Amino acid sequence: NENHKKAEMLSATGWTSLPDFPMAISLHSLVGLENQSLLLLGGMADRNYNAQTGIWELKDDHWNRIGELWKV
């Protein structure tokens, strides 16, 4: 769904809502870091399966684009 930008995290105590992601994506990877931030890598940005190349960090309840993946 291109309008769905919700993000949630599963922890030992259950699901927690996170700030909405800036775009609707699917097929991405998330990595939790020891500094309590979360990285989002890759994914598809639309129904045409266009690659999302941003490296995004969720820190202090804000999504920031901190880099780019190389598109091969």
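A strand, in this tour, is a DSSP run of E residues, at least two long, and strands are numbered from the N terminus. Keep that in mind as you click around, and remember that this is a predicted model.

**Stop 1: the loop between β5 and β6**

Select aspartate 61. You'll find aspartate 61 in the loop between β5 (54-59) and β6 (62-68). Is aspartate 61 buried or exposed? Its relative accessibility is 57%, and exposed means over 50%, so aspartate 61 counts as exposed. Now check its backbone: aspartate 61 has a positive phi of about 65°, although it is not a glycine. For background, most residues other than glycine have a negative phi.

**Stop 2: zoom out to the whole chain**

Switch to a cartoon view. How many helices and strands does the protein chain have? There are zero helices and six strands. Reading from the N terminus, the order is β-β-β-β-β-β. The radius of gyration of the protein chain is 12 Å, close to the 11 Å from the globule rule for 72 residues, so the chain is as compact as a globular protein of that length.

Try turning the model about. Along the principal axes, the C-alpha atoms fill a box of roughly 35 × 25 × 20 Å. Turn on a surface, and you're looking at about 5500 Å² of exposed area, with carbon and sulfur atoms supplying 51% of it. Buried residues make up 26% of the 72 residues in the chain.

If your viewer colors by charge, try that too. The protein chain has 6 positive and 9 negative charges, and their mean positions are 7 Å apart.

**Stop 3: two neighbors between β3 and β4**

Next, select glutamine 36 and serine 37 together. Glutamine 36 lies in the loop between β3 and β4, and serine 37 lies in the loop between β3 (29-32) and β4 (38-41).

Start with glutamine 36. At 71% relative accessibility, glutamine 36 counts as exposed. Glutamine 36 is not a glycine, yet it has a positive phi of about 70°.

Now move to serine 37. Serine 37 has a relative accessible area of 3%, and buried means under 20%, so serine 37 is buried. Which side chain does the side chain of serine 37 make a polar contact with? Show glutamate 57 as sticks: the polar contact between the two side chains is 3.3 Å. Leaving out residues up to four places away in sequence, serine 37 touches Val31, Gly32, Glu57, Leu58 and Lys59.

**Stop 4: a phenylalanine in the β2-β3 loop**

Jump to phenylalanine 21, in the loop between β2 (14-18) and β3. With a relative accessible area of 6%, phenylalanine 21 is buried. What does phenylalanine 21 touch, not counting residues up to four places away in sequence? Light up Lys5, Leu40, Trp56 and Trp63 to see the answer.

Add asparagine 64 to your selection. Phenylalanine 21 and asparagine 64 are 43 residues apart along the chain, and their C-alpha atoms are separated by 9.7 Å.

**Stop 5: an alanine between β4 and β5**

Finish at alanine 45, which lies in the loop between β4 and β5. Alanine 45 is partly exposed, with a relative accessible area of 30%. Not counting residues up to four places away in sequence, alanine 45 touches Met23, Ala24, Ile25, Asn50 and Gln52.

One last click: histidine 28. The C-alpha atoms of alanine 45 and histidine 28 are separated by 9.4 Å, and the two residues are 17 apart along the chain.

Notes. Residues are numbered from 1 along each chain as its sequence is written. This is a predicted model: local features need pLDDT of at least 70, side-chain atom pairs count only at pLDDT 80 or more; totals for chains, interfaces and linings use all residues. Side-chain values use heavy atoms; hydrogens and water are left out. Helices (H or I, at least four residues) and strands (E, at least two) are DSSP runs, numbered from the N terminus. The radius of gyration is taken over C-alpha atoms; the globule rule is 2.2 Å times the number of residues to the power 0.38. Buried means under 20% relative accessible area, exposed over 50%, partly exposed in between (1.4 Å probe, protein chains only). Accessible areas come from the Shrake-Rupley method with a 1.4 Å probe; for residues, only the protein chains shown count as cover. Lys and Arg count as positive and Asp and Glu as negative; His and the chain ends are not counted. The place of a charge is taken as NZ of Lys, CZ of Arg, CG of Asp or CD of Glu. A polar contact is a pair of N or O atoms within 3.5 Å; within protein, one must be able to donate a hydrogen and the other to accept it, and residues adjacent in sequence count only if both atoms are side-chain atoms. Contact means heavy atoms within 4.5 Å.
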